[in-house]
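Biologist: Could you take me on a close look at one part of this model? I would like to hear about the helices at its start and the residues around them.

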Amino acid sequence: MTRSLPAVLWLTFVWVLLWGTFSPASIVGGILVAVLVTALFRLPPATDRLPVRPLPVLRLALFLLWDLAVSGAEVSWQVLRHGPRASGAIMAMPLISSSDRVVTVMANALSLSPGTMALQIDHDHDVWYVYALGPRDQAGVERARRRVVDMQRRVLAALGSPGEQAEAERVLGRMS
């Protein structure tokens with residue numbers, strides 16, 4: 001029960017927010033639902049522990065905000081300039097991390113950026129397929145590829161192992 005206490009508290013908090021009232025009935029109802037949910041749907045124990053580094057996490061969050069603004073402007077420009085003839089590219093990218101948690105953060109960080117999306121993650125071949133809006137020539141595809149690797153590098157700097165960080169730098173250096 002003590003292992004699931006944070007989940008019970010979080011679910012209760014979400015329950016109360018969803019009801020929109022801070023009453024004893026909503027709190028007790030939230031606790032009952034949270035205990036039931038955590039008892040019925042147990043999470044498997046985490047096999048890998050993420051080395052969270054606060055400063056790189058903050059840098060990643062600031063980069064994501066910056067990238068959100070820049071990518072939003074680029075997508076707007078693509079739509080205004082090319083309309084329905086806007087082009088895109090699907091790229092096979094090296095998947096540097098083997099951690100499901102890190103890969104999930106990378107895919108979500110990439111998909112948060114307007115104009116890019118993780119299409120498929122192939123752990124067997126260490127490849128993920130990414131869609132990017134905008135590249136019209138090979139140079140544009142290479143810029144999009146560098147952005148994806150740079151995003152991976154930033155996520156790995158915040159959450160990855162030292163070996164994964166070195167691999168990201170090696171891949172990024174190979175693309176220069």
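Modeller: Happily; here is a walk through that part, beginning with a serine. This is a predicted model, in which local features need pLDDT of at least 70, side-chain atom pairs count only at pLDDT 80 or more, and totals for chains, interfaces and linings use all residues. Residues are numbered from 1 along each chain as its sequence is written, and side-chain values use heavy atoms, leaving out hydrogens and water.

Ser-26 sits in helix α2, residues 24-40 (helices are DSSP runs of H or I, at least four residues, numbered from the N terminus). With a relative accessible area of 6%, Ser-26 is buried (buried means under 20%, exposed over 50%, partly exposed in between, with a 1.4 Å probe and protein chains only). A polar atom of the Ser-26 side chain lies 2.9 Å from the backbone oxygen of Ser-23. Beyond its neighbours within four places in sequence, Ser-26 is in contact with Trp-15, Val-16, Trp-19 and Thr-21 (contact means heavy atoms within 4.5 Å).

Now to the surface. Trp-10, Leu-11, Phe-13, Leu-17, Val-33, Leu-36, Val-37, Leu-40 and Phe-41 make a nonpolar surface patch of about 910 Å². Helices α1 (5-19) and α2 each give two or more residues to this patch. Patch members have over 30% relative accessible area and no salt bridge, and nonpolar side chains (Val, Leu, Ile, Met, Phe, Trp, Tyr) are joined within 5 Å; a salt bridge is a side-chain nitrogen of Lys or Arg within 4 Å of a carboxyl oxygen of Asp or Glu. Areas come from the Shrake-Rupley method with a 1.4 Å probe. Phe-13 lies in α1 and, at 44% relative accessibility, counts as partly exposed.

Terms used
A polar contact is a pair of N or O atoms within 3.5 Å; within protein, one must be able to donate a hydrogen and the other to accept it, and residues adjacent in sequence count only if both atoms are side-chain atoms. Patches are made of residues with over 30% relative accessible area and no salt bridge: like charges are joined within 9 Å, nonpolar side chains (Val, Leu, Ile, Met, Phe, Trp, Tyr) within 5 Å.
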